[in-house]
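This report concerns a protein chain with a bound ligand. Please look at the sequence and the structure before reading on.

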Amino acid sequence: MTAATLYIIATPIGNLEDITYRAVRILGEVDLIAAEDTRHSLKLLNHFGISKPLTSYFDHNQQLKGERILHALRQGKSVALISDAGTPCISDPGYQLVRDAVAAGIAVVPLPGACAAITALSASGLPTDAFTFAGFPPSRQGKRRTFLSGMSTLPGTLILYEAPHRLVDTLSDIREMLGERQVIVARELTKIFEECIRGTVSEVIAAVSQGTVRGEVVLLIAPGAAVLHVSEPLEIVLERLMSDGTLSVKDAAKQAAVISGVSRSEAYSEALRLKIRTDGA
Ligand code: SAM
């Protein structure tokens, strides 16, 4: 272990066996552990027989605590940053501290380990060659829809964190803004009630609406047809969507607009033209 070093240490997201030997060793060697919630982290540290000075570092005391931690580092102390679960800085506090430590010329050493997003992706069966992790969507519907619409043409799998009580609303907005994609709700990963609920957005909404969703949830969304058929002309996309007659002109236009990246009105006019042509044939 090196002095004057900030260690960014991943901790388990449920199953305590998912900590690394190196994480346990470094946590036992540093001068100070900065934790999101000291009471929560004490349980983890006690479990591994680690007894070290602890300080809190969370969203609302970041500036003050960050300065104190940097002061300790400048004095040659070694500090470990941990969060309540998983990898610090990933939808968790830490980014500013790392940024300031780097700017101050302090060594920053990451210790890899659990991260709910990557754990869920690895078992998803969705494309892993390209993916976007976008953290928690906004809680208000308007902002959430805008946020989702900005993701409609991104290549690869989309990974979100979501609170269980917002899951159905967010899934409904995904259906509205991104269309009927394949999604996976990865719940309680590494814990007793771990499960992956897979299907189209509508199927997953139906499945999760049957009871109360509890615990922690990662939401994965398959890449959209917009990405897969990006070079297809609007007319072809509409013909495909309208071929079996199950979608109304309006719904087909809505989906085609997302897929082709055109406005809804343009897609609607084209859908109407095709409908008139087909009906007249
Ligand atoms: N830093 C953490 C990481 O590396 O994954 C994430 C912290 S963020 C505050 C907490 C969110 O991560 C939860 O609301 C949930 O979306 C996701 N999460 C954490 N643990 C999980 C688990 N065991 N199963 C499913 N999702 C989990």
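The text below covers the domains, the ligand site and the polar contacts, in that order.

The model is a predicted one. Its protein chain is assigned domain 1 (5–114), domain 2 (117–221) and domain 3 (232–280). Between the C-alpha centres of domain 1 and domain 3 the distance is 53 Å.

Where does the ligand lie with respect to domain 1 and domain 2? Domain 1 (5–114) and domain 2 (117–221) both contribute residues to the shell around the ligand, so the ligand lies between them. The space that the ligand takes up is the largest pocket. Strand 7 (157–162) and strand 10 (217–221) are the elements that give two or more residues to this shell.

There are 19 residues around the ligand, and those that come nearest are Ile 90, Asp 92, Ala 116, Tyr 161 and Val 217. By class, the shell residues comprise 11 nonpolar, three polar and five charged.

Polar backbone atoms of the protein also pair with atoms of the ligand, as the table lists.

| Residue | Protein atom | Ligand atom | Distance |
|---|---|---|---|
| Ala 85 | backbone N or O | nitrogen | 3.3 Å |
| Leu 189 | polar backbone atom | nitrogen | 2.9 Å |
| Val 217 | backbone N or O | oxygen | 2.6 Å |

How much of the ligand's area does the protein bury? Taken alone, the ligand exposes 570 Å², and the protein buries 90% of that. Val 217 thus appears twice here: among the residues that come nearest to the ligand, and with a backbone N or O atom 2.6 Å from a ligand oxygen.

Notes:
Residues numbered from 1 in each chain as written. Predicted model: local features only at pLDDT ≥ 70, side-chain atom pairs only at ≥ 80, totals over all residues. Heavy atoms only, no water. Near = heavy atom within 4 Å. Polar contact = N/O pair within 3.5 Å; in protein donor to acceptor, adjacent residues only side chain to side chain. Areas by Shrake-Rupley, 256 points an atom, 1.4 Å probe, with all protein chains shown as cover. 1 Å grid on protein atoms, 1.4 Å probe; cavity = no way out; pocket = protein on both sides within 12 Å on 5 of 7 lines; lining within 4 Å. Sits in = over half its atoms within 2 Å of the grid points. Helix = DSSP H or I, 4+ residues; strand = E, 2+ residues; numbered from the N terminus. Nonpolar A, V, L, I, M, F, W, Y, C, P; charged D, E, K, R; others polar. Domains from an automatic or database assignment.
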